[in-house]
Structures are given as C-alpha cells and as structure tokens.
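Hi everyone, thanks for making time. I'd like to walk you through a structure that you may not have seen before, so have a look at the screen.

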Amino acid sequence: MSVTNTEPRIIKIFDTTLRDGEQSPGASMNIDEKLRLAKQLQKLNVDVIEAGFPIASEGDFEAVKKIAQTIKGPEIAGLCRSGFKDIDRAWEALKYAEDKGRIHTFIATSDIHMKYKLQMTPAQVLESAVAGVKRARSYTPNVEFSCEDAVRTDLKFLVEVVTAVIDAGASVVNIPDTVGYTIPFEYFNIIKHLKDNVPNVDKAIISVHCHNDLGLSVANSIAAVQAGAGQVECTINGIGERAGNCSLEEFVMSIKTRGDILPFKTNVVTEQLTPASRLLTNITGIVVQQNKAIVGANAFAHEAGIHQHGMLMEKSTYEIMTPESVGLKASALVLGKHSGRHAFKKRLEELGYELNDEDLNKAFTRFKALADLKKEVFDEDLDAIVADEVMRATERYKLSHITVTCGSFAVATATVQLEIDGEQVRTAELGDGPVDATLKAIKKLAGSEAKLTQYNVGSITGGTDAQGEVTVRVEEGTRTVIGRGASTDIIEASAKAYIDALNRLHFATARDVESL
Ligand code: KIV
Ligand code: ZN
C-alpha cells in the first residue's frame, strides 16, 4: 500500500459491546451496568453504540430505551431480525434517541444458513430483507441492514441483496464474517467486489463486523477498510460470541499508530481506551489476558534487561505508542488513611467513575477501612472497591459474617451468615480447605444447584498486604456467569465472588422469566 498525501478517510466506529459483546458467556449486564458503560462509550466518542436487541427480553428493551433517552452524541442502534414485529419493537425503544436512533435489521444470506436455519429460499430471504428495510424506513432514514454470514454467501447473491436493500433505503449495509472464517486477502476482495459491482453502492456506507474465531478479526477489519469499508463494528476488550469480536482498542490503535501507511482516522478519544477496558472488566468480571494488546497488564511492561536499557536511552526503541495515548497512567499511590472524601472523589473521577452520593459514601467507607489495613492504596485498589461496592449485580444474597478455622491439624470449617431477601441465615460446613468449606456453606444457605467450574485467585497490587482478587465461573443449566470479589482476606474475597455469581445468576434467571 503506498503512502498518500490526501486527507485521511474517517472510519466510523460502531461499538457492539452492549449487544454482541453481551452475548459472550458470563457477560450479561443489568440496565444500570449497561448505562454506565454507555456513558464511557460516549466519552470514548464512538460513532454508534449498539445498545441491545430490544425484542430479546424486557431487560434488553428497557436498557436500549434508557440509553436512547440518556446518551447524547453517538447514534444508538438496536438489533432486530427482518420481521415486522422485531422492527416495531426495536423502534419503540429507539425512538427516544430521535434522529440518532438507528434500526439495525438483519437476515442470513449464506446457503448454509438459508437452508438449515431459516429454511427459506434465496428469493424469500431477499423479499424479507427488502420488506424489513422498508418497514424500518417508515420510522427513520437511519437504517442499517446486515447480511448475516455474508462471507459464506454466494457472491452473486450478495451483490443482489446489497443492491436491493440500498434501493429499499438502507443507509448502511453490513457484511459480517459471522463465523470468523475469512482471512484478510479474501475479505479485502469481497468488499472490493461489492464496491465495484453494486451499482448504487455510493448511496450507503459499507460496514464490516468480524468475529475472531481464527484470531484474524482486527486484521480482517483493516483489510476491509483498505478495500473501501467505511464503518467497523467492534467491542471493548474484543468480547463477544465465542472467540469474540474485533477488538475496538486494537483496531483504533492500529489505525492511529500506522497512519504512515493506513490513510484513515477514527473519532475515538484514545486516552479513554484503558478506562473503558477497566470499566468493562469491573462490570462483567471478565479479566483480559495479561499480554492482550493495548489494554493487557503487560502491554507496556518491559522485562528483558536489554529492552529496559533501550527504553532508558530512548523510548521509541521498544515502544510504538505511548501508554499515555491509551490512557494508561503509572500505578499511582492514591491516598493514605488521612485522605479526605474530596481527594477520593477526584481520583475516582480521573479514573472514569462518576458516582452518585450514596455510592460515593459506600465506596469511601470501604476505602477508609482498606487504608487502615494497607499503607498504600493504588488505582487498582480503587477499581476493585468500585467493582465491589457499586457495580455488584442487584443483591439478593449479601455476606454478613464469615469465620473460618483451618490449619495443618484442623478440618477446615466455615461458619457463614448471609442476608437473603432481608433475612439473616447462618450455617457451618466442613470442607477440603477453607475455600471449599466457605463455598459449601454459601451454596447450602442459598439452596443453589449451580456448579463452580472455575476459581482463580490473584493479587490486585504487589506486597503481602495487597488485596486478593477472586474470580469464579459458575454454571446453572445453560447459563454461565462470572463473579468477582476483592478483600485483603482471600477467604472473604472468595465468599464475595461466589455470592456475586449467585446474584448474577438470580438476576439473569429473573430477567428470562420476565421476558417469557
Ligand atoms: O455476527 C453477526 O453476523 C452479527 C449480525 C447480527 C450483525 O452479529
Ligand atoms: Zn456478530
């Protein structure tokens, strides 16, 4: 690709963390959590926020409606199939965003999906796509149409569908790699073929939406914009169905860092990338791998002596972008036990947390207790406090007390007291170690059949007085949730993580029942 002197072309960023991202196991969020993340996406200055799938459940509908009512700046999209009932329901929620509301309707176009999933002929699919777009256009001119499984769609049929939906009024046409199957060269050719062969292609923006099953979603998205795509659909931390979606931070920083050979620009405020990544982790409990590009804990760490030497001489020897450009500030010593509420609030705001008075009081009380135990309180500790005190799922179960006895001569015993629906209940259990005893006691009190499938413990910062952070994965039927808890006592952190997971299960099940 040659270097050009022309103005870079703006690529629109369509964030689908709240829709496709939420489809990853354990990532379901309640309305408050979705709104909190949407506010961060607003600060990030993405062009479009896909807020949910309104017909999927009452909770999804309410979340899309709330975000449409509250968020100013980005357009708000809601997903719907091409049936009229779906489209009408989507607009019910989106209308509050007025001219910023986008109806995103889709139907599958590949032979394999049409034959086995839809059991429709290509002619029926084409008819449904066109009718859906026309229905959506009766509400708004802001209509996006997606050809689900476009990459495995017969190219001639794809041209036919794209031409027809643009004629019907779609202003954006999305060409998803739904199953993460394509490679950059092939995807480039598909997008280029559409740009060259769809006669009315200039009347719409071509969008791309790549899944990461082969680890190529970012590379494929870059190839697509090189071929003429004008919108990229992506998620924070790359979360999403199966192996996830194109990672927003990786795509955006690739464009920014390689501006020398990629003549494109996005509107994203890149200094908000790290706060967005951390917020999502705090809400969902899904931690990014340490070596994840851009936002992983090691993304800007230089371990080898020779690298450290180079960095001391000149940062560009080993650093292709600065930590500051993605909003990463050195682990800052925040405040000691004498610090006041004002300084605490200010630091939280710098980290991207704007809390109401009630939440601020809860977080501050917890901070004071922690500062009594720990001499130094770091930003990571504050993240954990906010996650623990403010971002918990709606709480049905609350930990009141826990006492554990254990040691090399003792059978581990945990006595746990919970508040369940406002009532105090207590029990004691023996276990194979203190964590096992604790979780057994909680499970018994909650009367839960859920299975613990993963348990991880780590420390939030360095030092023996660091807070321990526990992440658990819990499954019940087909549902998976992730719970997180932090404390300077790892048994208490384990109890909190498990209770958080049970609350999330309870919330998710209640939401399903509501939508029946
Ligand atoms: O992966 C996909 O095809 C999708 C569409 C619904 C856009 O998520
Ligand atoms: Zn998808």
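Let me start with a bit of vocabulary: a residue is called buried when its relative accessible area is under 20%, exposed when that figure is over 50%, and partly exposed in between. Keep in mind too that this is a predicted model.

Let's try that out on T453. Its relative accessibility is 36%, so T453 counts as partly exposed. You'll find T453 in strand β16, which covers residues 451-459. What does T453 touch, if we don't count residues up to four places away in sequence? That would be R473, V474 and E475. For a sense of scale, take T453 and I320: they sit 133 residues apart along the chain, and their C-alpha atoms are separated by 39 Å.

V474 turns up again in a nonpolar core of 24 residues, and A446, I499 and L505 are also among its members. That core is separate from the largest one, which has 108 residues. Which residues touch the most other members of the largest core? They are V162, I175 and F251. As for helices, α6, residues 155-168, gives the most to this core, with 9 residues. If you click on F251 and skip its neighbours within four places in sequence, you'll see contacts that include I11, I13, V218, V232 and C246.

Now, the metal site. The zinc ion, ligand 2, has three protein donors: D20 through OD, and H209 and H211, each through NE2. They lie 2.0 to 2.1 Å from the zinc. Written along the sequence, the spacing of these donor residues is D-x188-H-x1-H. So where do the two ends of that pattern come from? D20 is in the loop between β2 and α1, while H211 is in the loop between β8 and α8, 191 residues apart. Are D20 and H211 buried or exposed? D20 has a relative accessible area of 2%, so it is buried, and H211, at 4%, is buried as well.

Let's stay with β2 for a moment. On one side of the story, β2 pairs with β9, residues 231-234, in the parallel sense over 4 bridges. β2 also pairs with β3, residues 48-52, again in the parallel sense, over 2 bridges. D15 takes part in both pairings: it stands opposite C234 in β9, and its bridge partner in β3 is I49. Put β2, α1 and β3 together and you have a right-handed β-α-β unit.

That brings C234 into view, so a word on cysteines. How many disulfides does the structure hold? The count is 0. For C234, the nearest cysteine sulfur belongs to C246 and is 5.2 Å away. For C210, the nearest is also that of C246, at 6.4 Å. Why is neither of them in a disulfide? The cut-off is 2.5 Å between the sulfur atoms, so those distances don't qualify. Both cysteines are buried, by the way: C210 is at 0% relative accessibility, and C234 is at 0% too.

One last stop: A508, in helix α16, residues 490-514. With a relative accessibility of 2%, A508 is buried. Leaving aside neighbours within four places in sequence, A508 is in contact with S28 and R479. Its C-alpha atom is separated by 35 Å from that of R341, 167 residues apart along the chain.

That's my tour, thanks for listening.

Conventions. Residues are numbered from 1 along each chain as its sequence is written. Chains are lettered from A and ligands numbered from 1 in the order in which they are written. This is a predicted model: local features need pLDDT of at least 70, side-chain atom pairs count only at pLDDT 80 or more; totals for chains, interfaces and linings use all residues. Side-chain values use heavy atoms; hydrogens and water are left out. Donors are N, O and S atoms within 2.8 Å of the metal (3.2 Å for Na, K and Ca); water is not among the atoms, so sites may look incomplete. Buried means under 20% relative accessible area, exposed over 50%, partly exposed in between (1.4 Å probe, protein chains only). Two strands pair if DSSP finds at least two bridges between them. A crossover is right-handed if, with the strands pointing away from the viewer, the path from the first strand over the helix to the second runs clockwise. A nonpolar core is a set of buried Ala, Val, Leu, Ile, Met, Phe, Trp, Tyr and Cys residues joined through side-chain atoms within 4.5 Å. Contact means heavy atoms within 4.5 Å.
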